[in-house]
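Visitor: I am new to this structure and should be grateful for a close look at one part of it. Please take me through the salt bridges, and then through the nonpolar residues that lie among the same elements.

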Amino acid sequence: MTINETRSISRAERQALTRESLIATARELFLADGYAATSLGRVALEAGFSKGAVYSNFAGKEELCMAVLDSLHEEQIEGVLLAFSKDTDLDGRIDAFVEWARKGLGRPRWTALEVEFAGIARQSPYVALELIKRHREITDALTELIAGVVNQENLDIMLTPRQAATALLSLGIGLGAMRSLDSSIDVDIFGGIIRALLAPSR
């Protein structure tokens, strides 16, 4: 490995660390104060970098917020996958998912940021396209998960795995929005819907 190659790797690693720090700082600020109220200058200042460091990693505030939302979505997907990887029967895994949903669905600040940012899609084709792309990626992940469960349990369900994934994502978004306003709403309905979707066709 040459000296130039070593410097290139070091520079790339530093940029990756800077990017991670900016995302973490922006996440805290966006969740605490909202998207509109948080400037890129403040993100840079709180993270200990110049504003130029932000623009060297992100095209602008919208792209930075997309990265923040990606970090939130990754946590949610990991929680779902972890619940369904439990070493138990299908009912036990659905119960584990419901327990995750009880804690992970409807966090007010998460929901507020998602709703605020989604409103920008009306004026920004970039945001609209990126949100559509991410919803499709989440649906793809859920489709793969459901297809795996169907095959493992040898189920013959009424809906296709993708239809079931779309239904569950829609329910999750709606239920999350409702619980962000009223935490008393029980998520047990989620478990009931999953069991109904995975019920054998007749």
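Guide: Asp70 has a relative accessible area of 22% and is therefore partly exposed, since buried residues fall under 20%. The model is a predicted one, and in it Asp70 forms a salt bridge with Arg134, their closest N and O atoms being 2.6 Å apart. This pair links distant parts of the chain, for Asp70 belongs to helix α4 (residues 61-84) and Arg134 to helix α7 (residues 125-153), 64 residues apart. Arg134, with a relative accessible area of 11%, is buried.

A second pair joins Asp91 to Arg195, with 3.1 Å between the closest N and O atoms. Asp91 lies in helix α5 (residues 90-104) and Arg195 in helix α9 (residues 188-197), so this salt bridge ties together parts that are 104 residues apart in sequence. Asp91 is partly exposed at 41% relative accessibility, and Arg195 is likewise partly exposed, its relative accessible area being 31%.

Another salt bridge is formed by the side chains of Arg42 and Asp33, with 2.6 Å from N to O. Here Arg42 counts as partly exposed, at 32% relative accessibility, and Asp33 is also partly exposed, at 39%. Salt bridges also occur as a network, in which Glu99, Arg102, Asp186 and Asp188 are linked. The count of salt bridges comes to eleven. As a general principle, side chains of opposite charge can pair when their charged atoms come close.

The nonpolar residues complete the picture. The largest nonpolar core has 28 residues, and those with the most contacts inside it are Phe97, Phe190 and Leu198. Two or more residues of this core come from each of α4, α5, α7, α8 (161-181) and α9. Helix α5 gives the largest share, seven residues. Asp91, described above, lies in this helix α5.

Leu198 deserves a closer look. Leaving aside residues up to four places away in sequence, Leu198 touches Leu90, Ile94, Ile146, Val149, Val150, Leu155 and Ile157. Apart from the largest core lies another core, of 26 residues, which includes Ala26, Phe30, Tyr35 and Val54. In soluble globular proteins, nonpolar side chains tend to be buried together.

To draw the two themes together, α4 and α7 are linked by the salt bridge of Asp70 and Arg134, and both helices are among the elements that give two or more residues to the largest core.

Notes:
Residues numbered from 1 in each chain as written. Predicted model: local features only at pLDDT ≥ 70, side-chain atom pairs only at ≥ 80, totals over all residues. Heavy atoms only, no water. Salt bridge = Lys/Arg side-chain N within 4 Å of Asp/Glu carboxyl O. Buried < 20%, exposed > 50% of the residue type's maximum accessible area, 1.4 Å probe, protein only. Helix = DSSP H or I, 4+ residues; strand = E, 2+ residues; numbered from the N terminus. Core = buried A, V, L, I, M, F, W, Y, C linked by side-chain atoms within 4.5 Å. Contact = heavy atoms within 4.5 Å.
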